[in-house]
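Let us take a walk through this structure together. Keep the 3D view open as you read, and turn it as each part comes up.

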Amino acid sequence: MSILGRAALLLALVGAIYVVVMSLASRRPGRRSWELSAERGVYAVFAFTTLAALTMWFALVTDSFELRNVAEYSSTTLSTPYKLTALWGSQAGSLLLWAWILSGFSAVVVYTNRARNRQLMPVVMAVLMGIAIFFLGVLSFVTSPFETLAQAPAEGRGLNPLLQNVYMQIHPPLLYLGYVGLSVPFAFAMAALVTRKLDTAWITSVRRWTIVSWIFLGAGILVGAKWAYETLGWGGYWAWDPVENAAFMPWLVATAFLHSVMVQERRGMLKVWNMVLVIMTFSLCLFGTFLTRSGIIASVHAFGESTLGPFFLVFIVAVLVGSVALLVTRLPLLRSAHSLESYLSREAIFLFNNLLLVGLAFAVFWGTMFPILSEAARGRRITVGQGYYEQVATPIAIALLVLTGVGPLIAWRKSSAAQLRRRFVVPLAVAAASIVPLALLTDMTSNWAASAVAVAGVFVVACITGEFWRGMRVRHALGGVSWPGALVGMVARNRRRYGGYIVHLAIVVLFIGLAGSKGFATQADVALRPGDRATVAGYTLLNEGATRGADAHKSTTSVKIGVFRGGDRVGTLYPGVITYTLDETRASQVAIKSGPQRDLYLFLSQLQDDGLARISVFVNPLVSWIWFAGVMIVAGGLLAGWPSRPSGRREPAGSPASDGRAAA
Amino acid sequence: MLAGILIVAAVALAVVAAVGWPLVTHRADDPVEDPAADARRAVDEDLQRALEAIREIDMDHRAGNLSDEDFAELDAAERARAVELMRRADELAAP
């Protein structure tokens, strides 16, 4: 097993080196066969990394404890799905997953571009395989997932209980799909710089990759937040943990890129800035991987101490120095086709949006790195608390929220004052009118940030609803179709635009969920003997006695809590503690009653023999809005990135129609 | 162990053959790539974007997002760009 896995990784490494050499050499005229060979080399690298991944999965499923990775992260008592996901429970296994996804994406890139981007593709392949060489080198020579033990134990240590959760089964792969996917735009950007082919071809080729990777990364972040919420027992979902930040930063910069790329497509502007964003995004993806693996930070999400840090650091520096140097040498070729004509234009709004997103990413970076920098400079680690992040992020987030409504209503190039008045009167009036019911019916006035988010949210919804309404009205009038038909036709004809609007609406839902749950949460600790009651934020909790259950893998001790509201029983919750048979490790069993208005969240901190249960009670308003926003973001993103049907191509006079090799 | 070695050896041989095949079968009369193909595709994609922009500007105007003056200016600029791209596409398509 070990030999098979190690050999597969070594062969993948050799294959990746071959691709880099052959693809770069193939750039000379008359060497198409070299390029074809390099393309096949990419498929071979994918085949070998697939073989390595399958070998590791086989070892996990068959309890091959002679492999250290299996002995330390799996056990005979684990169910098969958890054995499979134990692959990314370990440092080396997660790097194998990285390399496998990268090689798979590289194969897809090569396949979908086999008849296009011929000048770019050799360099694209070289860059992607260059990245693969780093990961395969680390897997082959630094931390092998196929390392064997001198003596195989009879039983493995099992998977960390915190990872035995359905969200943890999908959170890491989602993040890696996002991280790795963002290496494709980087590879195309570098190829455009190397080949000096700096028209919009590379932008067109990476737009869909960026959207899909952005969706994966965003979904991964939200699934990780849900895991934290349902597993860790502190009542929250986001703690500005360094590893959470590590995934959030590239997502922010990728969001900036998705907006600024439209300015380059439409107006030929921000070419250098887009290159900078692509380089930053990919570097931050590597930085996130470095943070999780270097052991320089302590986090529930991070792997333990390791020797990988210096390798990652050198690689990140090499990527940054190489790509920035290349960019500097090409600056004269990246002059904008136009200049900013007015600050009241869509491109100006996108620029502001970019500055805010990158500014927020920098603030998060600074907060993440400050403890490390302070320790290096003064020998004392100064921790940056949530207060710093919330102080910085809140005003930026509110400004970004407002821009999500303003941007779509402002025309490219310039908007006249009369135009702005006409467009914004209704949304502003609706937002102003919403203040009264919000103040009367909610607690919003007690929290300025939540109030601002709510009013800005109403404004954005009014702006976007107006856009949908006006578009439908035009199509309805033009085509004589029904109103639903007008809506469907309008969205189908411009998926990118209306998919983007759905994402903007999702951002409103997300922000309202964040504002509600951050600004109006109630927390109380109660001690209940059997038959005792306690009331927290309108919920009455009744201790109805302890319950116990067990299977071969774990035993669960919980307390049955009857939940009443307004005198009616609204549910029963079982907060408890799970004890794993194998090593007596414990994990909390958080009990949540979730609803659109609020979550009741119970965490059992102690259950005494006499039945006294000490419970932390959290009442978190609007948390489920956050998860719903995640679904909307994925739906809107998919709509925006979904391939369009090839439009009717114009047939040039006197020449045959296009060669039929449609763009992938 | 032997089975593992045999599997790897078999896969490696097959892969080497597949990867090396284009080098072995390369002939001097292999069709020369059309260097203008990428340029044509890029112009075509730019043209599609310009046509999309014209449709979008028209939609914005009809929806009331653009005044008549702004529409006239933006539409004329985008149409001029589309015409220029069509001209370039025709040039590139010419034998």
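The tour below starts where the two chains meet, then moves on to strands and salt bridges. Please bear in mind throughout that this is a predicted model.

Begin with the interface. On one side, 58 residues of chain A take part, and they are in contact with 46 residues of chain B. The size of an interface is often given as the accessible area lost when the parts come together. Here chain A and chain B bury about 4300 Å² between them, and 53% of that area is on carbon and sulfur atoms.

What about specific pairs across this boundary? Between chain A and chain B the count is three salt bridges. A good place to look is A:R346, which forms a salt bridge with B:E56; their closest N and O atoms are 4.0 Å apart. In addition, four residue pairs are in polar contact across the interface of chain A and chain B, with both residues at pLDDT 80 or more.

Which elements give two or more residues to the side of chain A that touches chain B? They are α1 (2-25), α2 (32-61), α10 (242-267), α15 (417-441), α16 (448-479) and α17 (483-493) of chain A. The largest share comes from α2(A), with nine residues. If you colour this side of chain A by residue type, you will find 19 nonpolar, 16 polar and 23 charged residues.

Now turn to the strands of chain A. Strands of a sheet pair through backbone hydrogen bonds, either parallel or antiparallel. One open sheet in chain A has four strands in the order β1-β10-β9-β8, and the pairing is antiparallel. Why is one side of β1 (522-528) and of β8 (591-593) left without a neighbour in the sheet? Both strands of chain A stand at the edges, and each has a single partner strand, so one side of each has no neighbour there. On average, neighbouring strands of this sheet are turned by 20° against each other, direction ignored.

At the β8 edge, three bridges join β8(A) to β9 (residues 598-607) of chain A, and the two run antiparallel. Within this pairing, A:I592 stands opposite A:Y601 in β9(A).

Next come two hairpins that share a strand, β3(A). The first links β2(A) and β3(A) with two residues between them, and A:A537 in the turn has a positive phi of about 45°. Four bridges join β2 (residues 533-536) to β3 (residues 539-550) of chain A, which run antiparallel, and A:T535 stands opposite A:T540 in β3(A). The second hairpin, formed by β3(A) and β4(A), has three residues between its strands. Ten bridges join β3(A) to β4 (residues 554-565) of chain A, again antiparallel. There, A:L542 stands opposite A:G562 in β4(A).

To finish, step back to the whole structure, where a search finds 29 salt bridges over all chains. One of them lies within chain A: A:R68 pairs with A:E147, the closest N and O atoms being 3.0 Å apart. A:R68 lies in helix α3 (residues 68-73) of chain A and A:E147 in the loop between α6 (121-141) and α7 (166-181), so the pair ties together parts that are 79 residues apart in sequence.

Note on methods:
Residues numbered from 1 in each chain as written. Chains lettered and ligands numbered in written order. Predicted model: local features only at pLDDT ≥ 70, side-chain atom pairs only at ≥ 80, totals over all residues. Heavy atoms only, no water. Contact = heavy atoms within 4.5 Å. Buried area = accessible area lost by both parts, 1.4 Å probe. Salt bridge = Lys/Arg side-chain N within 4 Å of Asp/Glu carboxyl O. Polar contact = N/O pair within 3.5 Å; in protein donor to acceptor, adjacent residues only side chain to side chain. Nonpolar A, V, L, I, M, F, W, Y, C, P; charged D, E, K, R; others polar. Pairing = 2+ DSSP bridges. Axes fitted to C-alpha atoms, helices over the stretch in contact; angles between N-to-C directions.
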